[in-house]
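Grab a pencil and have a look at the model below. We'll work through a few exercises together, one step at a time.

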Amino acid sequence: MCGIIGYIGVKPANEVIFDGLTKLEYRGYDSAGIAVVDNGRIHCRKDIGKLRNIRKLLLDEFQSESTIGIGHTRWATHGRPSAFNAHPHGDCHTSLMVAHNGIIENFMALRRQLIEEGHKFVSETDSEVLAHLIEKYYNGDLKKAVLEATKKVEGAYAIAVIHKDHPEEIICARKEAPLLVGLGNGENFVASDVTAILQYTRKVIYLENFEAAVVKRDTVEFFSLESGENIVKESTTVDWNPVAAEKGGFSHFMLKEIFEQPQVIRNTIGGRTSEEEGKIYLEELGLTGPDIFRAQRIVMVACGTAFYAGCVGKYLIEDLVRIPVECDLASEFRYRSPLVDGNTLVIAISQSGETADTLAAVREAKSRGAKVLGIVNAKESSLTREVDGLVYIHAGPEIGVASTKAYIAMLTALTLLALMLGKIRSVISSDFVKEKIRELKVLPQQIEKVLEQKDKIKEIAANYLNYKSFLFLGRGFNYPTALEGALKLKEISYIHAEGYAAGEMKHGPIALIDSEMPVMAIVTQSDLYDKTISNLKEVQARAGKLMAIATEGDTQIRHLTDQVIEVPKVSDIFSPIINVVPLQLFAYFVADLRGLDVDQPRNLAKSVTVE
Ligand code: F6R
């Protein structure tokens, strides 16, 4: 939700910042802006629209050689997308500029008070109060003014601030929104996310809540927003490859990330299994044996696609570990006085590790005595610092707004976890685990076989560009797959889609079936195969248009439809991993053939750091 970046060094600041903004654009793309300090003045350009449409303003025609500046790409919360609501925001005299990610919850009261004191506001945003507050407290010391201003605001912020009279420093600060400092040679960076600066440096320092920094060309000094005292922080070296954040010849990040999935599975399982011993090693888990043995139930909390991964996790854990599992949307869990205690293990799942609702759910669970295990992609993200134990999913940077490879990696990590817990609790044997490890290792090749059918899936998709509504049906392990398939289609193609448990059709939704309602059925071979086929016959009998994801060599399904995407036969527990791949490709091609912006769908942002 909004991306911020700052640069101080030797290169033209707007070029480095524009480049960083292109990497941060997945966080929001309503509008963008850049401000630099240039010979005792602020030079700022901003406008509504995606970066490619305002590139001329921010890059080609940006007349400044300045080597210090900040930039912002916006996902609107307060104030509609427009040039005047775009960041960075200035004070009354354009002496200083602020780029802000987060929400200032008490901005109305602050704004009223500042207006009474004579401040003139030009935008509808909550963020502008920060610029005016800093102006109010400024008397020659920018760091001090930021310190004072942040004491007055409630809510979440990651900010980067520049001032016309301070061409040697950027001040940045964080509370409940991600922020890091990148360390270069004679140059330093501030960013919401490491992908923005990966091509310049991999050496970073992540800020914690209530931490701030004075970032100069050759030094970075950290201090506490609570005490004002300096603090010492260690840097970490990020192991993500900058190339991983590029499109690498694919037309969209989403397509590239779908094709990365075989390798992602290899990375997620890498070094964590011993086929010989029939054992799973989740080293960084962090939870002790008693934490795991004491857990009488598990609650999954997550949002969106990560939530559907949690729903698959329920089937996996109940099947392999025999502990009751509930799945809760983090946004519901946090506000409904949830029934969790010291006997509950809460599993929080998140790609970004920054989703505000998931973080709040974790805090709620911990305040009630539950232990929390995080299943997370983004290294050192906020979630990783709040949980009691952690399993990284190792999907690498995911840029496409629609999550694909992170979902597959979450499912893989949950499968490993279920196998490990099932073994510890003696529900499953070493031999069973050995067999599943063997199967897991060939899963990447089996997914490659599905990816080879890309052109066929595109052909099928081409028949369905103008429908208004879709149903996705699945059962058992693949009920959540149906939900995820429907989510993928609606978020990037803007076509209404619903996922349903196939057995539930007769209890209502079958009334929707007619020739205008295509049905995508996940009907791979499992114990529920015959039952699902019966459900599909009911659809066929009502003139429904049917497509199916079926197991290679299945002839029975051909009696119901010829639009079949075949997937290799795998065990039930792995079927959600393989079956979602054709659904991702189907959604991708429907959206792309409809001419839509697949990587940046309307109204969405990748990392939802607001409620
Ligand atoms: C859908 C999608 C979102 C995210 C959700 C949670 O494709 O990407 O539904 O899954 O916003 O995000 P994370 O996993 O970062 O917590």
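Helices (H or I, at least four residues) and strands (E, at least two) are DSSP runs, numbered from the N terminus. This is a predicted model, where local features need pLDDT of at least 70, side-chain atom pairs count only at pLDDT 80 or more, and totals for chains, interfaces and linings use all residues. Residues are numbered from 1 along each chain as its sequence is written, and side-chain values use heavy atoms, with hydrogens and water left out.

**Exercise 1.** Find which helices and strand each supply at least two residues of the lining of the largest pocket.

Solution. Start with the term: on a 1 Å grid over the protein atoms alone, a pocket is an open set of points with protein on both sides within 12 Å along at least five of seven lines, a cavity is a set where a 1.4 Å probe fits but cannot get out, and lining residues have an atom within 4 Å of a point. Next, pick out the elements: helix 9 (304-320), strand 20 (344-350), helix 11 (356-367) and helix 16 (479-493). Now look at the middle: of the 28 lining residues, C303, G304, T305, K606 and V608 are the closest to the pocket's centre. Finally, domain 2 (257-442) and domain 3 (453-593) both give residues to the lining, so the pocket lies between them (domain bounds come from an automatic or database domain assignment).

**Exercise 2.** Work out which residues hold polar contacts with the ligand, a polar contact here being a pair of N or O atoms within 3.5 Å.

Solution. First, list the neighbours, meaning residues with a heavy atom within 4 Å: there are 13, and the closest are S350, Q351, S352, T355 and E491. Then check the backbone: an N or O atom of Q351 sits 2.6 Å from a ligand oxygen, and one of V401 sits 3.3 Å from a ligand oxygen. Next come side chains: K488 has an N or O atom there at 3.0 Å from an oxygen of the ligand. The protein covers 90% of the 410 Å² of accessible area (Shrake-Rupley method, 1.4 Å probe) that the ligand has on its own.

**Exercise 3.** Say where P88 and F210 are found, and what stands out in their backbone.

Solution. Begin with a rule of thumb: most residues other than glycine have a negative phi, and most peptide bonds are trans. P88 is in the loop between strand 4 (68-74) and strand 5 (89-90), and the peptide bond from H87 to P88 is cis, with omega near -5 degrees. F210 is in the loop between strand 11 (203-206) and strand 12 (211-215). Its phi is near 65 degrees, a positive value in a non-glycine residue.

Definitions and conventions: A polar contact is a pair of N or O atoms within 3.5 Å; within protein, one must be able to donate a hydrogen and the other to accept it, and residues adjacent in sequence count only if both atoms are side-chain atoms.
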